[in-house]
Amino acid sequence: MKGGRHGRHNSEQQRQDCLELCQRLGVELPVVFMDNDLSAYSGKKRPGYLDLLERVKLGPSRIVAWHVDRLL
């Protein structure tokens, strides 16, 4: 994840923001899926994203993303 239009450039800062939101929402034991420096637009496989999709197939899930474009 590189710097861009959203201001907080560091992927670790974005992860921390999401974990803080999970805490405020009462989400227990959040699981983090990350693909550092892999753009959805590159066409490369994103292991973290693929793992997220598999996790969702298992049943009800809550997905917290720093910005919706992180999921594209």
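Start by selecting Leu-29, which sits in the loop between H1 and H2. Helices here (H or I, at least four residues) and strands (E, at least two) are DSSP runs, numbered from the N terminus. This is a predicted model, where local features need pLDDT of at least 70, side-chain atom pairs count only at pLDDT 80 or more, and totals for chains, interfaces and linings use all residues. Residues are numbered from 1 along each chain as its sequence is written, and side-chain values use heavy atoms, with hydrogens and water left out.

**Stop 1: the loop, at Leu-29 and Pro-30**

Check the backbone of Leu-29: its phi is near 50°, a positive value in a residue other than glycine. For background, most residues other than glycine have a negative phi. Leu-29 counts as exposed because its relative accessibility is 78%. The cut-offs, with a 1.4 Å probe and protein chains only, are under 20% relative accessible area for buried, over 50% for exposed, and partly exposed in between.

Now click on Pro-30, in the loop between H1 and H2. At 36% relative accessibility, Pro-30 counts as partly exposed. What does Pro-30 contact, leaving aside its neighbours within four places in sequence? Show Leu-19 and Cys-22 to see those partners; contact means heavy atoms within 4.5 Å. You can also draw a C-alpha to C-alpha distance from Pro-30 to Cys-18: 9.5 Å in space, for 12 residues in sequence.

**Stop 2: helix H1**

Select residues 11–25 for helix H1. H1 has 15 residues and reaches 21 Å from its first C-alpha to its last, close to the 21 Å expected at 1.5 Å a residue. That expected span is 1.5 Å times one less than the number of residues.

Colour Ser-11, Gln-14, Cys-18 and Cys-22, the buried residues of H1. Looking down the axis of H1, you'll find its buried residues within an arc of 85°, so they line one face of the helix. The arc is taken over the directions from the helix axis to the C-beta atoms. Swing round to the other side of H1 and you meet Gln-23 and Arg-24, both exposed.

Go to the start of H1 next. A side-chain oxygen of Asn-10 comes to within 2.6 Å of the backbone nitrogen of Glu-12. This is a polar contact, meaning a pair of N or O atoms within 3.5 Å; within protein, one must be able to donate a hydrogen and the other to accept it, and residues adjacent in sequence count only if both atoms are side-chain atoms.

Keep Glu-12 on screen and add Arg-15: their side chains meet in a salt bridge (2.7 Å, N to O). A salt bridge is a side-chain nitrogen of Lys or Arg within 4 Å of a carboxyl oxygen of Asp or Glu. Why are Arg-15 and Glu-12 separated by about one helical turn? Because they are three residues apart in helix H1. Arg-15 is partly exposed, with a relative accessible area of 25%, and Glu-12 is partly exposed at 40%.

At the far end, just after H1, Gly-26 takes a positive phi of about 80°.

**Stop 3: Val-64**

Jump to Val-64, in the segment after H2. Not counting residues up to four places away in sequence, Val-64 touches Cys-18, Leu-21 and Cys-22. Val-64 and Cys-22 are 42 residues apart in sequence and 7.5 Å apart in space, C-alpha to C-alpha. With a relative accessible area of 27%, Val-64 is partly exposed.

**Stop 4: Asp-35 and helix H2**

Back in the loop between H1 and H2, pick Asp-35. Is Asp-35 buried or exposed? Asp-35 is buried yet has no salt bridge, and the nearest side chain of opposite charge, Arg-46, is 4.7 Å away. Lys and Arg count as positive and Asp and Glu as negative here; His and the chain ends are not counted.

Zoom in on the Asp-35 side chain. A polar atom there lies 2.7 Å from the backbone nitrogen of Gly-48, and the backbone nitrogen of Tyr-49 lies 2.9 Å from a polar atom of that side chain.

Finish along helix H2, residues 47–57, where you'll find Leu-50. Glu-54 and Lys-57 have side chains that meet in a salt bridge (3.0 Å, N to O). Lys-57 counts as exposed at 63% relative accessibility, while Glu-54, at 45%, counts as partly exposed.
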